[in-house]
Amino acid sequence: MRMLYSGYQAWNDMLAPARLGAEWALGLRKTMGPMAEWAMPRRMFALMDVFQGAKLTHKRPAYDINLVQSGNAQVAVREEVALDMPFGNLLHFVKDDVAVDQPRVLVVAPMSGHFSTLLRNTVETLLRDHDVYITDWKNARDVPLSAGRFGFDDYVDYVIRFLQELGEGAHLVSVCQPCVPAMAAVALMSEDQDKATPRSMTLMGGPIDPNAAPTAVNDLANEKPIKWFEENLISVVPFRYAGRGREVYPGFLQLSAFVSMNMARHGAQHRELYQLLADGKTEQADKIKTFYEEYFAVHDMTKEFYLETVDMVFQRTLLAKGELTVRGRKIDLGAIRKTALLTVEGERDDVCAVGQTSAAHALCTGLRPHLKRHHLQPGVGHYGVFSGSKWEKQVYPQVRNMILAMN
């Protein structure tokens, strides 16, 4: 298994000429004039388009957020790295033309096989009323061994450091897997009376207590001992990359697991993509292509972070049991007394089922009732909690109102 990454890379290298040929052939479409719209050429081009696009990439896609509606005006947005650290940047979406100060929000993105751009719609929506930052995680295969290790405790450290960079009065929004380290970070900051402790903490679809409502994801994490995960899922970054020699859980393996859970759906989507392209319905086809460009952009995790997350979050559920420690310090969620809590769950979430995130309320024993809120969003799955029309129209107002109330 340690050589699996090299085997995957060799397979990609073998396919590269065919993909390049398909890309070159697609470039001929513009030279064919009206003939390109005949039925047979359209089918051929559709086939090459689907083949050329069905590949994994390993670089972060662009956030591509250039304009947002803020108040009554369209405001330009630019990206600025506020803090550059070995395994991730604190990325700031700057709006220069906003006259009034807006609440500062740190979006804590998952490190789970995809880049932080998966939360593009989350960020774009928050930018309407907030000054937004995000944890922009780097691909582990691009981080040299000299940078050291990155485990669960390091993730917590990064969240604390990023919040300290935002300063007093900020807010935290965490999505999916990082809800556990985010809560740990807030608990430690609360206990230390850190001035940068966030005023509110929004947890969206996160595994605070996986045992509250187990899903297929939890079953997969628990059916094997942690040693099995180390022996069967950990590989070594090939020599050609900056992180050569680093042990990682490759993003292509994580994606394979995700795809296998919904194989029929992904197959149907690609058949539909082919048919839309063959029928000349490019606008509808572009929506599917855009989704898969993001979905097929994979991100490697360090061995230690992946194994510690499986062990501590999903197998032993240490946070829910009150047994989680970070750098030898026991995490006391009862120390959170001033940071308001909002939890958000999706009715149809098959990754973090209803009950896993809302378990945070019972654990935060130091919070008074008026500082706790829960929102259950009907009709959405995991991604619908933080992306799409129901996120924008129904979930986001709950998040905005919590931040406003605590600002």
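Here are four short exercises, each with a worked solution, on a predicted model.

**Exercise 1. How do α1 and α2 pack, and which residues make the contact?**

Start by finding the two helices: α1 covers residues 4-27 and α2 covers residues 39-53. Next, look at the geometry, where the axes lie 9 Å apart and the angle is about 135 degrees. Angles over 145 degrees would count as roughly antiparallel and 65 to 115 as roughly perpendicular. The pair is therefore oblique. As for handedness, α1 passes α2 in a left-handed crossing. Now pick out who touches whom: α1 brings Ala18, Arg19, Ala22, Glu23, Ala25 and Leu26, while α2 brings Phe45, Met48, Asp49, Phe51 and Gln52. Sort those by type and you get seven nonpolar residues, three charged and one polar.

**Exercise 2. Now take α2 with α9: at what angle do they pack, and is the crossing left-handed or right-handed?**

Helix α9 runs over residues 263-278. Its axis and that of α2 are 8 Å apart, at an angle of about 145 degrees. Here the crossing of α2 past α9 is right-handed. On the α2 side, the contact uses Arg42, Arg43, Ala46, Leu47, Asp49 and Val50. On the α9 side, look for His270, Leu273, Tyr274, Leu277 and Ala278. By type, that makes seven nonpolar, one polar and three charged residues. Did you spot Asp49 of α2? What we saw in the contact with α1 turns up again in the contact with α9.

**Exercise 3. Check the span of α4, then work out how many of its residues are buried.**

Helix α4 has 15 residues, 152-166. At 1.5 Å a residue, it should span 21 Å. The C-alpha atoms at its ends are 22 Å apart, which agrees. For burial, the cut-off is under 20% relative accessible area. That gives 11 of the 15 residues as buried, so α4 is largely enclosed by the rest of the structure. Among the buried ones are Phe152, Tyr155, Ile160, Phe162 and Leu166. Carry on just past the helix and you meet Gly167, with a positive phi of about 90 degrees.

**Exercise 4. Where does Arg104 sit, and what is it in contact with?**

Arg104 belongs to strand β5, residues 104-108. Its relative accessible area is 23%, so Arg104 is partly exposed. Skip its neighbours within four places in sequence, and the contacts of Arg104 are Asp131, Tyr133, Leu166, Gly167, Glu168, Gly169, Ala170 and His171. Two of these names should ring a bell: Leu166 is a buried residue of α4, and Gly167 comes just after that helix. Finally, try a long-range distance: the C-alpha atoms of Arg104 and Val248 are separated by 33 Å, with their positions 144 residues apart along the chain.

Notes. Residues are numbered from 1 along each chain as its sequence is written. This is a predicted model: local features need pLDDT of at least 70, side-chain atom pairs count only at pLDDT 80 or more; totals for chains, interfaces and linings use all residues. Side-chain values use heavy atoms; hydrogens and water are left out. Axes are lines fitted to C-alpha atoms, for helices over the stretch in contact, and angles run from 0 to 180 degrees between N-to-C directions. Helices (H or I, at least four residues) and strands (E, at least two) are DSSP runs, numbered from the N terminus. Angles under 35 degrees count as roughly parallel, over 145 as roughly antiparallel, 65 to 115 as roughly perpendicular and the rest as oblique. A crossing is left-handed if the near helix is turned anticlockwise from the far one by less than a right angle, and right-handed if clockwise. Contact means heavy atoms within 4.5 Å. Ala, Val, Leu, Ile, Met, Phe, Trp, Tyr, Cys and Pro count as nonpolar, Asp, Glu, Lys and Arg as charged, and the others, Gly among them, as polar. The expected span of a helix is 1.5 Å times one less than its number of residues. Buried means under 20% relative accessible area, exposed over 50%, partly exposed in between (1.4 Å probe, protein chains only).
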